[in-house]
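This briefing covers the salt bridges, the chain contact and the nonpolar cores of the structure shown below.

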Amino acid sequence: MQKERPLSPHFQVYRPQLTSMLSIMHRVAGVFLSLGSPLLVFWLVSIANGHASYERWLDFSSFFLVKLFMLGWTFAVFYHLSNGIRHLFWDVGHGYELDTLHKSGYAVLASAFILTSITIVFAVSQGVLS
Amino acid sequence: MSLRSPLSKAIGLGSAKHGFSHWWWQRLSAIVLVPLTLWFVFSVLCIISGGHAEAQAWLSAPLNATLMLLFVLTGLYHAQTGLQVVIEDYIHLKWLNLLMLLLIKFSAVLMALMATLSVLKISVGV
């Protein structure tokens with residue numbers, strides 16, 4: 001019963017703005033975080049299964065690609081968290097004015113970068129090299 | 001008196017009636033996840049340089065086990081509801097939509113159970 005109707009063009013037509021880019025990034029970050037959840041469970045399982053199992057986790061997590069993934073995952077955590085709080089303000093009706101949107105948007109980006117940097121510094125100081 | 005035509009009811013048009021609940025629990029889990037996530041990142045950084053014994057000892061403390069489990073379970077729930085929205089937004093092929101939805105919900109339940117049993121094993125020695 002569904003007719004094929006033309007979709008209004010968006011990506012090809014709309015100029016990227018802070019609001020729209022942050023919005024899609026929030027969704028992308030969310031999906032990316034979900035993809036990392038098996039890793040989190042894997043970590044917990046390897047602790048539960050004993051010393052040998054945890055050694056396997058340590059070997060796995062020492063791969064460069066895995067570390068890179070965890071770095072990206074960390075940024076996704078802080079970005080999604082910061083923008084999520086911004087979303088919660090919208091949910092109670094605050095912050096829709098255009099200048100507020102821009103200020104809060106930049107604040108979210110700054111917060112994500114700062115929190116990620118602090119985490120990296122902390123991790124390096126623990127001798128984990130990211 | 002319902003103003004809906006019998007045909008519309010039969011086709012299944014109209015509100016799905018569970019929209020608000022989904023929205024509400026997504027926000028509730030988000031609010032809970034704000035402090036939990038910060039705690040999680042901080043905790044992982046603290047135990048990441050240690051070995052298995054340290055990780056196990058840390059996670060066997062009741063408070064840490066509770067918060068870790070709360071984080072994982074709430075996170076999985078929030079992820080599952082979020083991904084549900086993404087699927088509904090982009091996948092219009094009904095069978096694929098349903099398949100992806102079921103895969104995601106099933107994976108979430110699987111991971112939730114694995115995480116719960118792991119944390120229980122570490123903290124209680126089940």
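A:R27 has a relative accessibility of 22%, so this residue counts as partly exposed rather than buried, the limit for buried being under 20%. In this predicted model, A:R27 forms a salt bridge with B:D89. The points below take up the salt bridges, then the contact between the chains, then the cores.

**Salt bridges**

- A search over all chains of the whole structure returns 2 salt bridges, and the count between chain A and chain B is likewise 2.
- In the pair A:R27 and B:D89, the closest N and O atoms lie 2.6 Å apart.
- This pair crosses between chains, linking helix α1 of chain A, which holds A:R27, to helix α4 of chain B, which holds B:D89.
- B:D89 has a relative accessible area of 37% and is therefore partly exposed.
- A:D91 and B:R27 also meet through their side chains in a salt bridge, with an N to O distance of 2.7 Å.
- That pair too runs between chains, from helix α3 of chain A (A:D91) to helix α2 of chain B (B:R27).
- A:D91, with a relative accessible area of 28%, is partly exposed, and B:R27 is also partly exposed, at 23% relative accessibility.

**Contact between chain A and chain B**

- The two chains bury about 3000 Å² between them, and carbon and sulfur atoms account for 77% of this area.
- A:R27, A:L44 and A:I47 supply 19% of the area that chain A buries against chain B, more than any other three residues.
- Chain A contributes 33 residues to the contact and chain B contributes 40 residues.
- Between the chains, 6 residue pairs are in polar contact, counting pairs with both residues at pLDDT 80 or more.
- On the side of chain A that touches chain B, α1, α2, α3 and α4 of chain A each supply at least two residues.
- The largest share of that side, 14 residues, comes from α1(A).
- By class, the side of chain A that touches chain B comprises 21 nonpolar, 10 polar and 2 charged residues.

**Nonpolar cores**

- The largest nonpolar core holds 44 residues, and A:W43, A:L44, B:F40, B:M68 and B:V72 have the most contacts inside it.
- Elements of both chains give two or more residues to this core, including α1 (18-48) of chain A and α4 (62-90) of chain B.
- With 12 residues, α1(A) gives the most to this core.
- Beyond its neighbours within four places in sequence, B:V72 is in contact with A:L40, A:L44 and B:A115.
- Another core, of 5 residues, lies apart from the largest one and has B:L83, B:I87, B:I91 and B:I104 among its members.

Definitions and conventions: Residues numbered from 1 in each chain as written. Chains lettered and ligands numbered in written order. Predicted model: local features only at pLDDT ≥ 70, side-chain atom pairs only at ≥ 80, totals over all residues. Heavy atoms only, no water. Core = buried A, V, L, I, M, F, W, Y, C linked by side-chain atoms within 4.5 Å. Buried < 20%, exposed > 50% of the residue type's maximum accessible area, 1.4 Å probe, protein only. Helix = DSSP H or I, 4+ residues; strand = E, 2+ residues; numbered from the N terminus. Contact = heavy atoms within 4.5 Å. Buried area = accessible area lost by both parts, 1.4 Å probe. Salt bridge = Lys/Arg side-chain N within 4 Å of Asp/Glu carboxyl O. Polar contact = N/O pair within 3.5 Å; in protein donor to acceptor, adjacent residues only side chain to side chain. Nonpolar A, V, L, I, M, F, W, Y, C, P; charged D, E, K, R; others polar.
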